[in-house]
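Visitor: I've never looked at this one before. Could you walk me through it?

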Amino acid sequence: MALPVAEWQGRAARLWAALDPALRERLAAASLHDAVRLGCELLRTEEEEEAALARLCHQAPTDKEPEAASRYREQGNQEFRRGQYQAALRLYSKVVCHELPGSPEVSVCFANRSAALFHLGHFEACLEDIARAESHGYPDRLLPKVLLRKAECLLCLERLQDAQDALGVLQSKTAMDGVMTTHLTRLKRLSQLKVKLCEKERCPEPAREAHGGIEGKSEIWEENNSISGASSSLSLSFDAERGRHLVASQDIVAGQSLLREEAFVSVLCPGESLAVQGGDTAWDTRATNADLYCHRCLRQLLAPVPCQGCSYAKYCSQDCADMAWQQYHSTECSLGALLLTLGVFCHVALRTVLLAGFAEVSRLVGWSHSEDKDLQNPEARCKRLSEAPEAGAGAKGIPGCDSNGQYQSSYQALFHLLPHTEQHSPEHKFLCTLSVVAVCKQLQAAGLEAAVLSQQSPQQWSKPKTSEKTCGELSPELKTVAEAMLRHMLQLQCNAQAITVMQELGPGDGAVVNKKPVRLATAFFPVLSLLNHSCCPNTSVSFSGTAATVRASQPIPSGQEVLHCYGPHQCRMRVAERQQLLSQYFFKCRCRACLEESESGVKSVVSIRNSFCCPKCRAQMQGEEDTLYCTNEACATSGSRENLSGRLQDLQQQMKKALDLLRVGKADHSIKMLLKCQMDAGNFLSPEHLLMGEMEDHLAQVYATLGKWQEAARHLKKSIEIVEMHHGPESVEIGHELFKLAQILFNGFAVSEALSTIQRAEGILSVHFGPQSAQIQELQEMKTCLSELPRNILQRT
């Protein structure tokens with residue numbers, strides 16, 4: 001959630017409406033500096049608002065709760081006994097996050113989780129949890145079973161000497177135990193492992209042959225001298241109409257890498273909940289993005305390392321946890337509930353200031369005070385920015401460049417992104433002001449001001465003591481922090497970049513993996529923000545962790561602007577819908593697609609293909625008002641738009657129910673429901689409607705689950721035809737569909753067709769994601785496997 005929770009937004013709206021009209025007018029026209037000053041005065045007198053915010057924070061607790069840990073442990077044990085090791089793993093991870101540091105239960109938490117990891121075949125992670133259990137004082141009486149698990153892991157990993165050492169320790173430990181009968185089963189397993197170890201030492205497995213062609217091709221890259229992370233094929237330009245923008249300085253080919261940038265700051269979005277187990281429980285047992293991805297580097301989590309101060313922050317390794325603590329989490333830790341309540345934008349704003357450091361923040365905020373107060377003239381402001389002393393003679397008057405004329409992925413470049421202060425609604429600016437002031441007041445109340453201003457990290461993993469100045473005026477330094485945060489919150493509306501990841505739908509244990517893009521985090525990328533929008537872009541953006549890569553999705557001739565799509569795409573919506581969505585960026589799109597559609601008066605392809613059709617003659621239905629008419633003059637059938645839209649919504653609900661049936665193992669019922677949906681849709685939707693393609697895709701998914709590969713391929717090919725009509729033959733959407741078709745053909749042993757599909761999918765996906773992407777690697781592995789089949793089989797297929 002980018003903005004604060006609805007209750008806080010509602011309180012801010014009511015407080016705004018109750019203000020004296022003269023004060024509202026002052027706030028609406030106020031600079032960022034004055035807005036913060038007025039916001040501080042308001043919150044100092046509005047104790048009811050602060051109390052309400054505190055109550056809202058209780059709904060998003062981030063403290064460690066031993067009672068919750070106990071409950072999660074019980075449920076984890078139940079899942080483990082049922083053999084549901086994945087569910088047990090996630091529940092045990094919740095236990096680890098809620099146990100208090102130093103508690104005797106902590107070691108048992110890690111030992112329990114190691115057992116789930118072992119059964120899932122994650123042996124390295126299992127060993128790490130065993131080591132954590134031992135370092136936290138795992139009970140001596142329980143140690144033999146953990147040592148046995150350790151030896152088995154080492155044996156599975158072919159670490160024979162380490163396995164032998166572990167077995168020696170286990171044997172001596174068992175021999176010293178006075179009650180031998182309690183270890184009879186363990187001793188039997190120990191002797192079996194020793195025999196297995198001896199066999200492996202006598203007969204080592206032959207080295208596996210390396211297969212050629214698996215590794216992706218290396219990409220040619222020459223970095224730009226004046227734009228960090230950018231290719232030398234780009235140049236930075238500036239004009240009053242387009243602002244800062246990137247232009248091709250030479251001819252660029254499709255698939256060429258143009259920009260690689262690490263986010264200056266990123267904050268994980270909590271995300272949608274994914275059910276781990278059924279039934280209502282006293283504690284939340286669902287897994288969200290916050291449980292599935294590292295809160296610093298965004299890598300997918302297997303066995304998260306918890307923060308020692310809160311139950312919310314989780315990391316992929318102790319190194320990531322230590323780095324996060326040092327850079328920002330020592331300040332954020334005790335504010336977790338407040339930051340979740342005030343939304344991701346507020347959190348990004350705070351973390352941006354913490355990463356930049358107060359000295360740099362103070363310098364740039366101080367410089368901004370010298371700007372002309374005429375905020376109604378954006379061109380004049382751009383001119384003033386270009387004359388800033390930081391720009392340097394070599395910057396050619398472009399805002400954000402450093403003293404050497406270089407545009408870096410730096411706080412200075414980020415600070416110079418336009419906040420559009422004068423274009424945000426007064427109500428929105430007021431909400432953001434109250435939110436950042438509330439954060440800074442909490443920083444002061446929690447005794448964190450010194451840490452923020454000096455960027456000194458506390459030496460101990462403990463919560464700071466509450467300051468005596470809980471209701472006093474904010475210090476001048478914290479007002480500077482609040483002003484910078486307010487600037488960044490306003491910047492985010494136009495410059496926030498969603499870091500997305502392809503997330504598996506369903507359990508992820510099928511032969512064909514169905515994925516969808518999910519917003520994982522919100523970030524600032526100062527250089528990526530240079531790209532202007534087009535509804536028909538010439539680039540694709542992909543992410544790996546917190547890094548973004550921009551590639552040319554089509555040839556870009558020298559001198560042409562390099563363009564990125566902010567969301568509204570000509571393939572997905574009509575020009576009116578696109579313009580409405582783009583209004584949040586404070587510009588009217590005049591890209592080629594919008595101009596052609598607006599000026600020609602021709603009905604958009606999206607409208608034609610995603611149209612309703614006549615139930616009698618199948619011709620397209622048209623009409624601007626509520627009543628739609630058949631375009632076939634000989635038919636003259638009419639129908640209500642509202643009625644047809646209702647049928648469409650009902651159809652979508654039925655499709656969702658069909659997929660729910662598939663998830664609970666009722667594939668046959670799912671097929672029947674989808675086929676009925678398909679028949680109903682044919683009575684009122686265009687054959688090219690995207691929903692028709694979705695139904696074919698879902699049917700392919702169900703048939704693949706049943707192992708009926710030919711049927712699955714037949715339906716998926718129909719889906720691909722419709723997707724290609726909408727998105728084009730070289731689109732990333734077609735690439736994903738062809739990837740699924742390659743999996744189906746591979747599993748169905750349709751060798752020659754699979755090879756040709758793999759080749760086409762590789763060509764498309766490498767343009768959008770590069771030769772090193774996971775999908776390309778998987779396609780190459782399938783191709784190698786098929787190519788090594790005996791020649792007589794290849795000839796038959």
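Here is a short chat about the predicted model shown above.

Visitor: Let's start broad: how many helices and strands does the protein chain have?
Guide: This is a predicted model, so keep that in mind throughout. The protein chain runs to 797 residues, and 51% of them are buried. Among contacts with a separation of 6 or more, 65% link residues 24 or more positions apart. As for secondary structure, the tally is 32 helices and 15 strands.

Visitor: Which helix gives the largest share of the largest nonpolar core?
Guide: In soluble globular proteins, nonpolar side chains tend to be buried together. Here the largest nonpolar core holds 119 residues, and Tyr411, Val439 and Met485 touch the most other members. The largest share of this core is 10 residues, and they come from helix 19.

Visitor: Leaving aside its neighbours within four places in sequence, which residues is Val439 in contact with?
Guide: Val439 is one of the core members that touch the most others. Once the neighbours within four places in sequence are set aside, the contacts of Val439 are Leu338, Leu339, Leu342, Cys346, Leu350 and Met485.

Visitor: How many residues are in the second, separate core?
Guide: Its members include Ala88, Ala111, Ala151 and Ala163. This core is separate from the one with 119 residues. The count for the second core is 38 residues.

Visitor: On to the empty spaces: which helix gives the most to the lining of the second largest cavity?
Guide: There are two cavities of 30 Å³ or more, and the second largest has a volume of about 60 Å³. Its lining is made of Trp16, Leu27, Ala28, Ala35, Pro426, Lys429, Phe430 and Thr433, which divide into six nonpolar, one polar and one charged. Helix 2 (21-29) and helix 19 each supply at least two of these residues. With four residues, the one that gives the most is helix 19.

Visitor: And which helix gives the most to the lining of the second largest pocket?
Guide: About 1,100 Å³ of space lies in that pocket, and of its 37 lining residues the closest to the centre are Glu241, Arg242, Gly243, Asn532 and Phe587. The lining divides into 18 nonpolar, 11 polar and eight charged. Strand 2 (243-248), helix 17 (378-386), helix 21 (476-495) and strand 9 (532-533) each supply at least two residues. With three residues, the biggest giver is helix 17.

Visitor: Which strands are at the edges of the open sheet of three strands?
Guide: The order in that sheet is 13-14-15, with antiparallel pairing. Two bridges join strand 13 to strand 14 (residues 627-630), and Gln622 stands opposite Tyr629 there. An edge strand pairs on one side only, and that describes strand 13 (621-622) and strand 15 (638-640).

Visitor: Is Arg618 buried, partly exposed or exposed?
Guide: Arg618 sits in the loop between helix 24 (605-609) and strand 13. Though not a glycine, Arg618 has a positive phi of about 75 degrees. Buried means under 20% relative accessible area and exposed means over 50%. Arg618 has 38%, so the label is partly exposed.

Visitor: Where is Phe749 found?
Guide: Phe749 is another residue that is not a glycine yet has a positive phi, of about 65 degrees. Its relative accessibility is 41%, so Phe749 counts as partly exposed. Its place is the loop between helix 29 (732-747) and helix 30 (751-769).

Notes:
Residues numbered from 1 in each chain as written. Predicted model: local features only at pLDDT ≥ 70, side-chain atom pairs only at ≥ 80, totals over all residues. Heavy atoms only, no water. 1 Å grid on protein atoms, 1.4 Å probe; cavity = no way out; pocket = protein on both sides within 12 Å on 5 of 7 lines; lining within 4 Å. Points joined across faces, edges and corners; volume = space filled by probe spheres on them. Nonpolar A, V, L, I, M, F, W, Y, C, P; charged D, E, K, R; others polar. Core = buried A, V, L, I, M, F, W, Y, C linked by side-chain atoms within 4.5 Å. Buried < 20%, exposed > 50% of the residue type's maximum accessible area, 1.4 Å probe, protein only. Contact = heavy atoms within 4.5 Å. Pairing = 2+ DSSP bridges.
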